[in-house]
Amino acid sequence: MPVIDSTLVAELAQIVRTAAAVPPEAPIDADSRFEEDLGVDSFDLVAIFFGVEARYGLHIPEEDMPPLRGMPELAAYVAHRRSSAAA
Amino acid sequence: MWQRWMIVHKICLKTVLPILRVMPHRLANYLLGVMGRLDLIVIPNQTRLYEAAVADGARRLGCDWNVHKVSRSLGRQTYRWRTRDLLLDGRSDHRIAPWFQVAGRDHLDAAIAQGRGVILLANHFGAHVLISHWMFRQGYPLRWFGEKPRNVSSYLTRQLQTDGPLGQSRLFLSRRAGMTDAASSIAQAARILNAGMVVKIACDVRWATGKVADATFLGRRESFAASWAYLAAMSGAAVVPAFCHLDDAGAYHLEFDEPFHVPSSARRGGELAPWVQHALNRVEQRVRQHPEQSNDYFFWEAAEPAQASVDRAS
């Protein structure tokens, strides 16, 4: 089970805030849901995925995208991919 | 009522298409025009329905059309429009080449040569399906972003069955798709554009959620999908508006307009709306010039509930 540390969550929150233009007053934490809590739409979500790809040098295949509905899933996914790449 | 005639048209076409396909194209096209005229003569109130639709269009656009004449022309186009590209099935590239008159191909080629992908900005004006058919026949690397087309040729259906990372399979959208499913389609479209390919997207799709923009089209203020503009801004792809109208002699007139770019900054702060309006203005200009090619638009209100019930039934 990969470790999801607070640094990763903070980095992802920054990517999400920038890519989806989430206003500064809206908190993004480890439990935030993209659509329900942050008002992210499908195009914003693509910008988030591309931001994650650019930041961590990952390729997120389209078939992996549908389950990534919020910060918990995204953080777990990135942590898993990074640990797999490091192994 | 509209739904009933949609079904009648479909049955009539299915019956006559095998015969029309073996006829000279010009004759087949002429007979389709006759069938459309017969509709207006035989079906009670059909002439009145067409004249009312055309008069309403003229009023909304402030056009001084001869309503009677345009209605008759629109009637002649009905079966031709519904036939889409079905007359081209089973005919060789060489055979169909003379049926296409293409203007602005250099615009399309120049946009592709830029290497950042091309958004083929499509619409529902005239014989719009024929643009894709011609492009596939010419070997352009084309993908469709939107709802899966129905009642198109076997040739086009085969072209739209490509799979893989740059394939077609994920690009067909459903209005019922969830956000993350839609995101995977959009991501694939962006990757296809990044690979320098062509992605066809219609600019005149009325949509309620996600990236939408309010715009005026055919005298109505409505919400339209702004996905093409967002993808253009995100990818840096060139946008090439494309049109096709069908003349009475059976020739398909394709036009590729000059390419333009949507700046990256347009993604933020509601700046997509002017681009959406710009695209719709171009379509509206064509409707003004060729109202007889506007079957899709003049009967929008009547067709949509009927189409929805056909979708539910299928």
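These legends walk through several close-up views of a predicted model.

**View 1. A buried helix in chain B.** Welcome to helix H7, which spans residues 129-137 of chain B. Nine of its nine residues are buried, so the helix is largely enclosed by the rest of the structure. If you would like to find them, the buried residues include B:Val129, B:Leu130 and B:Ile131, and B:His133, B:Trp134 and B:Arg137 are also among them. After the helix comes B:Gly139, whose phi is positive, near 85°.

**View 2. The surroundings of B:Gln168.** Here we look at a loop of chain B that runs between helix H8 (154-159) and helix H9 (179-194), where B:Gln168 is found. Is B:Gln168 buried or exposed? Its relative accessibility is 0%, so B:Gln168 counts as buried. Setting aside neighbours within four places in sequence, B:Gln168 is in contact with B:Arg143 and B:Trp144, and also with B:Leu160, B:Thr162 and B:Asp163.

**View 3. A patch of negative charge on chain A.** Five residues gather on the surface here: A:Asp29, A:Asp31, A:Glu35, A:Glu36 and A:Asp37. To get your bearings, start with A:Asp29, which lies in the loop between helix H1 (6-19) and helix H2 (34-38) of chain A. A:Asp29 has a relative accessible area of 40%, which makes this residue partly exposed.

**View 4. A salt bridge within chain A.** The side chains of A:Arg33 and A:Glu73 meet in a salt bridge, with 3.1 Å from N to O. This pair links distant parts of the chain, 40 residues apart: A:Arg33 sits in the loop between H1 and H2, and A:Glu73 in helix H4 (residues 71-86). Both ends are partly exposed, with a relative accessibility of 24% for A:Arg33 and 26% for A:Glu73.

**View 5. A salt bridge between the chains.** Which residue of chain B does A:Glu62 meet in a salt bridge? The partner is B:Arg191, at 2.5 Å from N to O. A:Glu62 lies in the loop between helix H3 (42-56) and H4 of chain A, while B:Arg191 belongs to helix H9 of chain B, so the pair joins two chains. A:Glu62 is buried, at 6% relative accessible area, and B:Arg191 is buried too, at 16%.

**View 6. A helix and a strand of chain B, linked by charge.** Side chains of opposite charge can pair when their charged atoms come close. In this view, B:Arg286 and B:Glu255 form a salt bridge of 2.9 Å, N to O. The two residues are 31 apart along the chain, with B:Arg286 in helix H11 (residues 273-289) and B:Glu255 in strand E8 (residues 252-256). B:Arg286 is buried, with a relative accessible area of 7%, whereas B:Glu255 counts as partly exposed at 25%. Elsewhere in chain B, salt bridges that share partners join B:Asp56, B:Arg59, B:Arg60 and B:Arg220 into one network. Over all chains, a search of the whole structure finds 18 salt bridges.

**View 7. B:Thr216 and its contacts.** Our last stop is strand E5 (residues 212-217) of chain B, home to B:Thr216. With 31% relative accessibility, B:Thr216 counts as partly exposed. Not counting residues up to four places away in sequence, B:Thr216 touches B:Arg221, B:Gln277 and B:Glu284. Look as well for B:Asn281: 65 residues separate it from B:Thr216 along the chain, and their C-alpha atoms are 8.5 Å apart.

Methods. Residues numbered from 1 in each chain as written. Chains lettered and ligands numbered in written order. Predicted model: local features only at pLDDT ≥ 70, side-chain atom pairs only at ≥ 80, totals over all residues. Heavy atoms only, no water. Helix = DSSP H or I, 4+ residues; strand = E, 2+ residues; numbered from the N terminus. Buried < 20%, exposed > 50% of the residue type's maximum accessible area, 1.4 Å probe, protein only. Contact = heavy atoms within 4.5 Å. Patch = residues over 30% accessible without salt bridge, like charges linked within 9 Å, V, L, I, M, F, W, Y side chains within 5 Å. Areas by Shrake-Rupley, 256 points an atom, 1.4 Å probe, with all protein chains shown as cover. Salt bridge = Lys/Arg side-chain N within 4 Å of Asp/Glu carboxyl O. Lys, Arg positive; Asp, Glu negative; His and termini not counted. Charge placed at Lys NZ, Arg CZ, Asp CG, Glu CD.
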